[in-house]
Amino acid sequence: MKRILKILGWVLLAVVAFFAIQTIRNWDTIRRALLGGYHTHETVPPAIPGDLKRPAVLIFSKTNGFRHEEAIPAGNRFFADLADAHGWGHFQTENGAVMSPDILAKFDAVVFDNASGDMFDAKQQAALKSYLENGGGYVGLHAAGDNSHEGWPWYQNEVIGTKFTMHTLSPQFQEAAVHSENKAHPAAKDLPDTWKRTEEWYSFDKSPRLKGYTVLATVDEKSYKPEGPFGKDIRMGADHPVAWAHCIGKGRIFYTAFGHRAEAFAEPETRKMLEGALSWALRQQGEGCDAPAEPAAKS
């Protein structure tokens, strides 16, 4: 019996050691995903190039919440290449101190490339809010609309317009059919009526359509298994938006739940949608929202 207990003790010790090692190795992910993330707020901004072309795009990918390690670099490259192709200025950073009136005035739109968590202090939040209300554009992807932003109710309720509830886990990544709407909008005009793509599909507590937001794409829940952990039903029903646009004051706002995987930025349909969305946010295409107020249009 003593021998058996000794063996069991060594087995238990090995199990504890294994989990301890795994916890140490994955502590950053555990903290980001399960323990509320980080709460770092930079106070010294990066230097912004003085010769920035206009219109200019601020590509922002700070992650105090879950970090999409593969998707963020792919997304940043996509938006930088897109800006270069159109002759737009661009600057990429993960420093939240860029959210100041003086710096934001140098840009015509901001892209939140899977930005997550408690990203800004109160002054930085106020600067972004004022920037958008006065004509700045916004394009948000995937984690920019997840539940890590609940600590800033204005952003969740007004910028995103709905509350993330859960994403697919049975399995996590699934191919599904996407239906496009509102072909008059630059973000949807070049999309097929229906196409298939693979994603970690987000669900929300309600459709932003209920707030008057313009839905540009929905996912067909009949084409995949809308289930979360342990088979939890995360269906939204017939109206399950995955991309939409609206105005905040004079600012043009676009959000899509696409973008968990790096492969998203190689998909022709997703690339067309994001190109149209950013063109719209920069007021290069389409209509909607009043003209931006000064000094949002000038550096």
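**Cores, strands and a disulfide in a predicted model**

Colleague: Which residues touch the most other members of the largest nonpolar core?

Modeller: Of its 39 residues, Phe79, Val139, Trp201, Phe254, Phe265 and Leu278 do so. Helix α3 (71–86) gives the most to this core, with seven residues. This is a predicted model, in which local features need pLDDT of at least 70 and side-chain atom pairs count only at pLDDT 80 or more, while totals for chains, interfaces and linings use all residues. Residues are numbered from 1 along each chain as its sequence is written, and side-chain values use heavy atoms, leaving out hydrogens and water.

Colleague: What makes a set of residues a nonpolar core?

Modeller: The members are buried Ala, Val, Leu, Ile, Met, Phe, Trp, Tyr and Cys residues joined through side-chain atoms within 4.5 Å. Buried means under 20% relative accessible area, exposed over 50%, and partly exposed in between (1.4 Å probe, protein chains only).

Colleague: Why is β3 called largely enclosed?

Modeller: Five of the five residues of β3 are buried, so the rest of the structure largely encloses this strand. Ala109, Val111 and Asp113 lie on one side, with Val110 and Phe112 on the other. Helices (H or I, at least four residues) and strands (E, at least two) are DSSP runs, numbered from the N terminus.

Colleague: How do you know that β3 pairs with β1?

Modeller: Strands pair if DSSP finds at least two bridges between them. β1 and β3 have four, in the parallel sense, and Ile59 has Val111 of β3 as its bridge partner. Five bridges also join β3 to β4, and these two strands run parallel.

Colleague: Why is the link between Cys247 and Cys289 called a disulfide?

Modeller: The term requires a pair of cysteine sulfur atoms within 2.5 Å. The S to S distance of Cys247 and Cys289 is 1.9 Å, and a search of the whole structure finds one disulfide. The pair links distant parts of the chain, 42 residues apart: Cys247 is in strand β10 and Cys289 in the segment after α7.

Colleague: What makes this disulfide left-handed?

Modeller: The torsion about the S-S bond of Cys247 and Cys289 is about -90°, so the disulfide is left-handed. Cys247 has a relative accessible area of 37% and is therefore partly exposed.

Colleague: How do you know that the span of α7 agrees with expectation?

Modeller: The expected span is 1.5 Å times one less than the number of residues. For the 14 residues of α7 (residues 268–281) this gives 20 Å, and the end C-alpha atoms are 20 Å apart, so the values agree.
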